[in-house]
Amino acid sequence: MTIPKPTARRTVLRDDRADAEGGLQLNTLSGWRRFIDGPPAPPALSSRSAWQRMPASERGLYDEDRLDHHARMLTVATSFVEQTAICGRRLVLLNRHAISARRGLIVCGPAGTGKTIAITQLGRSHELLDRARHPHATDRIPVVYVTVPPAATARMIATEFARFLGLPVRARSNMTDIIEAVVGVCTDTRTGMVLVDELHNISLTSRHGAEVADTLKYFSERLAATFVYAGIDIAESGLLSGTRGAQIAGRFTLIPSRPFPYSSEWKGLVAAMEDTLRLHDHSPGTLTGLDRFLHDHTGGMIGSLSHAIRGAAVDAILTGTEKITKKSLQAIPLDHTAHTTAPLAAKTATYR
């Protein structure tokens with residue numbers, strides 16, 4: 001298999017065509033680099049009178065910028081994200097001179113509790129540090145991010161690595177070809193961290209699942225990198241049981257994620273999200289005044305909180321109300337997990 005040379009790091013222009021071509025996908029090298037470069041600065045909020053005087057075409061573009069801003073997932077430096085970053089950094093340092101048996105990290109917990117945010121922020125900080133240390137290098141790929149497909153096979157997970165790196169995988173390519181190509185490119189480009197998301201798609205009770213686990217273990221032995229896994233309720237799924245599970249459990253530190261309690265940190269999350277709003281008639285402090293309602297409404301799930309606030313902001317622009325209210329928040333359909341968790345959160349929350 002021909003191995004293409006790693007592409008030079010470059011700034012990718014933000015345009016509709018790039019978005020349509022999947023440039024925002026984290027599991028491609030171009031999408032990951034766009035994520036590392038960060039989102040554009042929030043749009044400036046014009047005065048209401050200036051906004052109303054705008055020609056229709058200008059106002060349409062202005063509103064579209066605000067819609068795009070509110071559609072983005074906001075990343076907040078929660079205690080969970082910080083804990084993951086510290087633990088991940090520690091493992092990278094401890095693995096620096098390890099020849100084998102490198103230690104890894106598993107982030108697990110219920111859906112919607114910020115696992116993907118935590119590991120991608122860890123990967124982002126690792127890559128930014130690598131860029132700072134090698135400012136003139138254009139041939140480095142410090143981080144690889146892949147997701148485990150549903151009903152994955154060993155070939156499928158190897159192909160995910162190749163796809164991130166931009167390596168061609170042909171129907172006649174065998175597993176050895178794919179793995180050797182991935183290992184070769186990662187070695188040449190000094191990959192130091194591998195993020196594997198959706199780990200719960202692996203079932204060690206099936207032959208294919210066991211082979212996927214073996215393939216990941218083989219990659220971790222061949223690559224001088226720290227492996228970071230994330231998935232839903234991994235500890236309860238049986239993935240850490242049996243002989244293969246014991247090997248994973250013996251090498252990986254586990255950080256559990258969970259819904260946020262109603263506390264000062266939750267209030268800070270709501271306040272941070274409210275500060276990002278770009279709405280003409282929204283009164284500052286409205287959402288912080290609703291922080292207890294928002295906790296009960298979302299069950300303390302950060303994913304559901306973000307979805308509710310961003311969705312209400314989008315509706316406020318589309319309908320022309322230009323503000324978020326309790327009623328508009330209730331109008332945003334939430335995921336099933338938030339609906340089932342919210343009643344329990346309302347009963348057990350400790351209000352401060």
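**How the labels on this model were earned**

Biologist: What makes Cys186 buried?
Modeller: Cys186 has a relative accessible area of 2%. Buried means under 20%, exposed means over 50%, and partly exposed is in between (1.4 Å probe, protein chains only). At 2%, Cys186 is therefore buried.

Biologist: Where do these values come from?
Modeller: The model is predicted: local features need pLDDT of at least 70 and side-chain atom pairs count only at pLDDT 80 or more, while totals for chains, interfaces and linings use all residues. Residues are numbered from 1 along each chain as its sequence is written, and side-chain values use heavy atoms, with hydrogens and water left out.

Biologist: Why is Cys87 called buried?
Modeller: Its relative accessibility is 6%, so Cys87 goes in the buried class.

Biologist: How many disulfides does the whole structure have?
Modeller: Zero. The test asks for a pair of cysteine sulfur atoms within 2.5 Å. The search covered the whole structure.

Biologist: What does the chain look like overall?
Modeller: There are 16 helices and five strands. These are DSSP runs, numbered from the N terminus: helices are H or I with at least four residues, strands are E with at least two. The chain has 352 residues, and 46% count as buried. It exposes about 17,300 Å², with 55% supplied by carbon and sulfur atoms. That area comes from the Shrake-Rupley method with a 1.4 Å probe; for residues, only the protein chains shown count as cover.

Biologist: How much of the contact count is between residues 24 or more positions apart?
Modeller: They account for 74% of the contacts with a separation of 6 or more. Contact here means heavy atoms within 4.5 Å.

Biologist: How do you know whether the span of helix 12 is close to the expected one?
Modeller: Helix 12 covers residues 264–275, which is 12 residues. The expected span is 1.5 Å times one less than the number of residues. That gives 16 Å, and the helix reaches 16 Å from its first C-alpha to its last, so the two are close.

Biologist: Which residues of helix 12 are buried?
Modeller: Trp266, Leu269, Val270, Met273 and Glu274. They fall within an arc of 130° seen down the axis, so they line one face of helix 12. The arc is taken from the directions from the helix axis to the C-beta atoms. On the other side, Ser264 and Asp275 are exposed. The buried residues pack against helix 13 (291–298) and helix 14 (302–319).

Biologist: How many aromatic pairs are there?
Modeller: Six. One of them joins Trp32 and Phe35, at 5.3 Å centre to centre with 45° between the planes. Rings of Phe, Tyr and Trp (its six-membered ring) pair if their centres lie within 6.5 Å; planes under 30 degrees apart count as stacked, over 60 as edge-to-face and the rest as tilted. At 45°, Trp32 and Phe35 are therefore tilted.

Biologist: Where do Trp32 and Phe35 lie?
Modeller: Both are in helix 2 (residues 29–37), three residues apart, about one turn of the helix. An α-helix has 3.6 residues a turn, so residues three or four places apart point the same way. Trp32 is buried at 0% relative accessible area, whereas Phe35 is partly exposed at 22%.

Biologist: What makes the pair of Phe260 and Trp266 tilted?
Modeller: Its planes are 50° apart, so it is neither stacked nor edge-to-face; the centres are 6.4 Å apart. Phe260 and Trp266 are both buried.

Biologist: Which residues do ring pairs link into a cluster?
Modeller: Trp32, Phe35 and Tyr145. Thr120 touches each of these, along with Leu26 and Leu195, leaving aside its neighbours within four places in sequence. Thr120 lies in helix 6 (residues 115–133) and is buried at 4% relative accessibility.

Biologist: What is unusual about the phi of Ala151?
Modeller: Most residues other than glycine have a negative phi. Ala151 has a positive phi of about 50° and is not a glycine. Its loop runs between strand 2 (143–147) and helix 7 (154–165). At 68% relative accessible area, Ala151 is exposed.

Biologist: What about the phi of Asp233?
Modeller: Asp233 is not a glycine, yet its phi is positive, about 45°. It lies in the loop between strand 4 (226–232) and helix 10 (234–237).

Biologist: Why is Asp233 called partly exposed?
Modeller: Its relative accessibility is 32%, so Asp233 falls in the class between buried and exposed.
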